[in-house]
Amino acid sequence: MTGRVSRIAWILFGTGTVLFMLLPMVLLVLFSFGGNELASFPLRGLTFDWYTALFAKSDFRVALENSTYLSVAVGATSVPVGMLAAFAFAGLKRRRAGPAIAAMAAPLMMPPLVLALALFSAYSALDISLGLSTVLPGQVVFIQPFVILVIYARMADFDRTLLDSARDLGASPFRAFVTVTLPIISPTVIGAALIAMALSLDEFIITYYTIGGGLTLPTLVWGLLRRSLDPSVNALATLILIGTVGATILAIRATRYRG
Amino acid sequence: MPQRPFVLVLFALPATLIFLLFFVGPFAYFAVMSFWSVSAYRLTPGFDLENYIDVFTEYAYPLGFTFAIALAIATVTTTLAFAFAYLARFRAGRWGPILLFVTLITMFGGYLVKIYAWRTILGSTGILNAGLLGLGLIDEPLPWLLYNPGAVVVTLVHFLLPFAVLPIYGSLRGIGDAQLAAARDLGAGPSRSLVDIVLPQCELGIVVAFMLTFFIAAGDYITPRLVGGPSTAMIGNFVESQFITALNAPQSSALAVAILAVCAGTIFVLRTGMRKALAVR
Amino acid sequence: MKRSKIAKPTNGPVKVRSLAPMSRRHMLQGAGAAALGATTIGGIRRAQAATNIKAMVWEGYDVFLEGGDYLARNDITLDKTYIGAAEEIIAKLRLAPREVDVSSPYFIQVDFMAAEGLLMPLDLEKIPNFKNLFPAIVDAARDNMTYEDQWYSAPFTWASIPLMYNADEVTDPMESWMDMLRPEFKGKSAIPADPTSVFATWGRVVTGNQSPNRMTLAELDETVKFLIEMKKNHLRTIAASYGELGDLFARKEILVCEGAEWVAPLAGDVPVKWSYPKEGTMTYIEGFSMSAEASDPDAVYGLINNALSVEGQIAGAEYNGLPITNADALPMLSDFNRATYPYDNIESFFTTNLRIEQMYLLEEDGTNATWDDYIKAWETVMAA
């Protein structure tokens, strides 16, 4: 029966795709605890050595500091900015909002290298020194569309009558916002913040070209990879993974995201 | 929600400013630079098509190759993503959210480490070869798993898949189960429903997914460098080498603009084609 | 030798190349970050030390300067910028001369940097350890590191780009670069993505021109064709960095490559040896130079002297897997380092199979290839 066959086909496909998506990450985590220097099987025992080696590197501490600072700053910037923009778009008719949001999402559609080099050229031309502060806006510009989309989508489901009631009862727009809107959408906002921070933590190309001299966790990965066989890079990657995935899981729970 | 235009504009202002100052501005400058030239390492403004001529003469082969491989990657990824999103939305029942969850978490973990991981998986001593050897299916490691365009395709499809699934799923979410039920009641088979009901409504999601994967794949330079082997240089490699090694930003920019234009043109053509194909019904 | 090192000749036979304003400096700064990309964050990390010295060096070379606890003992902090190309040092010195105190320029560029007035002549009295350097190294370096009989750079290490192979699997002697192209190595060989060393090595092999940095356009063309052929039919990959070559050996992807001695320990369990083929092997000597406008010359002298001292030499050599130049440090070397580098034969190292290259031309003259032509040639190889 085609029903059964198609069911089995779907199960195979689904499982296969999930395995495909997860395989590299699982291997990475596995090798970060593996006893071999070379990332291959058979594994020669389990160890925390690579983690201790990683933490011993002074570069790691510097990178961790910078990455933390940067992702918090990116979250703190992109969320208010994106939230306000989302409100603005929510106030527009659907027809108008669509293209506006699409335009804001343009930075996502470009190859990150082009964006990075364009920013670098612009900074050069204006003689602006590079540093974490020049990385920040470059990251925000491609992270803010995510924030806008998430909050905009939430606002689409938002029950305006609640606000109307508050206004009817005499609350000022600001008061209504703080006491009615904010509490209701706060899970979404928190979720968006966490996603923004995770995206920032993961970002490599724009950071690499606009930081001048300096390290973040992803650029440290690059540096370690360039040197050679350094298994502590697996430990580093696993840590980045835990950080970003952890943030995402929290975000999903906060927003009760269902898709 | 702000209703008055003034407040609307005010709210949208910060994001728009950032967008203009840190995206539109720099990109416009970068694009304009493509008409400049470099003499004795000095950037000279002007209007000069030299860089573009070079793009279509000296870099014609990598440009064409990049376009082809990016198209392949985008097609495979979008198709896979659609199938997966469809599965998650309509067929997986209670497993749907889990599939989605997996997709979301694989979005992270770092771009570089994923390339590095695939290099490990596909290499001569990697797990694929080790597995095949162990099972006795081969006598010697297969060298053709790595350091060729195929490896680039696999790696990029893997990286881009979650980014493609999300917009498509977003579109699919908007299609009510009731619609499909109604269609079934009226006698439509699954493929008919797919083409007549599902596809037209998730056109946006599919286009977004395709654009995302196409553009990002076309501009990638790290993947080909690390897993592509000796003959898989893509335009991104030259955008980078012209900018950084040759210190020729105008040439670099011309290459970037060229690939973007080619991709945009293709998408336009494909989209018109898709519209036509779906509209005939 | 980590990245392309290009020479920009100046006064004298070839024209001075003036650099573009800010745009290029910034491009080069970015290029510096674009190579090995690991630096300390000057602003956050800068302690309130008595002296702050700015160093612009290849990643890992700073260990020579710091060797031991020199910095702490003398209350100095080192503000480091790691470079991706030796050119960046020249650019920085030209545009912001006070931003750099000590640097590691490519040695064949040193004499013209001196002629340009970018470097301070070194008072060897202030570098006592200089006398302890191997005479062979001093002789080999003299030509490029001195200008008008004054030294402008102090040699602290050296290396070459030999033919490397997996000693377990490769038992036949590797006497010629062409041996790398034997049928049994098909699909199991590699070269680094470094046009400087690739053209210097293979240009010589293909055209017989003993000054491969001064090939004619025709010779360059011939070399390009050869490289494309090699790439398509013979190479496993073109390694993005020298370090990756070690990885390729370790993962058993290659059996031979054009590499660097310090790559061998990066090959994990695989024993990698090398030979200096009969056609010639590119070699280089690294030195530290002081900028003409260095803020605290005495402190810089101290650092350079420390880099040449036993502590500095051992620290730097062990960290980088590179050899020493101070003969006194020989007894303290690890066995591995001693075995890797031909200290017993140091005179012949620099005079027989090994070649020190000339600078590239900058000026077009119709027949000979300029640095730009080499870059374009490299792109042609990569694009094919």
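In the predicted model, Lys252(C) sits in the loop that links helix 10 (242-250) to strand 10 (256-258) of chain C. Its phi is near 60°, a positive value in a residue other than glycine. Most residues other than glycine have a negative phi. Lys252(C) is also buried, because 22 other C-beta atoms lie within 10 Å, and the cut-off for a buried residue is 20 or more.

A second positive phi occurs in Asp75(C), with a value near 55°. Asp75(C) is likewise not a glycine. This residue lies in the loop between helix 4 (70-74) and strand 2 (76-82) of chain C. Its surroundings can be stated by neighbour count. Asp75(C) has 12 C-beta neighbours inside 10 Å, so it counts as exposed. The limit for an exposed residue is 12 or fewer. Thus Lys252(C) is buried, whereas Asp75(C) is exposed.

Chain C is divided into two domains. Domain 1 covers 22-157 + 285-344, and domain 2 covers 163-275 + 360-383. Their C-alpha centres lie 28 Å apart. The contact between them takes six residues from domain 1 of chain C and four residues from domain 2 of chain C. On the domain 1 side, three of the residues are nonpolar and three are polar. None of them is charged.

Chain C also holds an open sheet of five strands. The strand order is 9-8-10-7-11, and the pairing is mixed. Strand 9 (235-239) and strand 11 stand at the edges of this sheet. Each has a single partner strand, so one side of each is left without a neighbour in the sheet. From one strand to the next, the twist averages 25°.

The edge at strand 11 can be followed residue by residue. Strand 7 (residues 163-166) of chain C pairs with strand 11 of chain C in the antiparallel sense, over four bridges. Met164(C) has Trp274(C), in strand 11, as its bridge partner. Tyr165(C) stands opposite Lys273(C), also in strand 11 of chain C. The side chains of strand 11 (residues 272-275) alternate along its length. Val272(C) and Trp274(C) point to one face and are buried. Lys273(C) and Ser275(C) point to the other face and are not buried. Trp274(C), the bridge partner of Met164(C), is therefore on the buried face of the strand. Lys273(C), opposite Tyr165(C), points to the other face.

Chain A is built from twelve helices and zero strands. Its pattern along the sequence is α-α-α-α-α-α-α-α-α-α-α-α. The C-alpha atoms of chain A fill a box of roughly 70 × 70 × 30 Å along the principal axes. The chain has 259 residues, and 51% of them are buried. Among contacts in chain A with a separation of 6 or more, 77% join residues 24 or more positions apart.

Chain B has 13 helices and two strands. Its C-alpha atoms fill a box of roughly 75 × 70 × 35 Å, again taken along the principal axes. Of its 281 residues, 49% count as buried. Contacts between residues at least 24 apart make up 72% of those in chain B with a separation of at least 6.

Chains A and B meet in a contact that takes 61 residues from chain A and 69 residues from chain B. Several helices of chain A each supply at least two residues to this side, including helix 3 (58-90), helix 9 (173-202) and helix 12 (232-255). Helix 1 of chain A gives the most, with twelve residues. By class, the chain A side has 47 nonpolar, eleven polar and three charged residues.

The largest nonpolar core contains 290 residues. Within this core, Val221(A) and Ile168(B) touch the most other members. Helix 7 (residues 149-173) of chain B provides the largest share, 15 residues. The core also draws at least three residues from each of the two domains of chain C. Val221(A) has contacts in two chains, leaving aside its neighbours within four places in sequence. In chain A, it is in contact with Val233(A), Leu236(A) and Ala237(A). In chain B, Val221(A) is in contact with Gly110(B), Leu112(B) and Val113(B).

Definitions and conventions: Residues are numbered from 1 along each chain as its sequence is written. Chains are lettered from A and ligands numbered from 1 in the order in which they are written. This is a predicted model: local features need pLDDT of at least 70, side-chain atom pairs count only at pLDDT 80 or more; totals for chains, interfaces and linings use all residues. Domain bounds come from an automatic or database domain assignment. Two residues are in contact if their C-beta atoms, placed from the backbone, lie within 7 Å. Ala, Val, Leu, Ile, Met, Phe, Trp, Tyr, Cys and Pro count as nonpolar, Asp, Glu, Lys and Arg as charged, and the others, Gly among them, as polar. A nonpolar core is a set of buried Ala, Val, Leu, Ile, Met, Phe, Trp, Tyr and Cys residues joined through C-beta atoms within 7 Å. Two strands pair if DSSP finds at least two bridges between them. Axes are lines fitted to C-alpha atoms, for helices over the stretch in contact, and angles run from 0 to 180 degrees between N-to-C directions.
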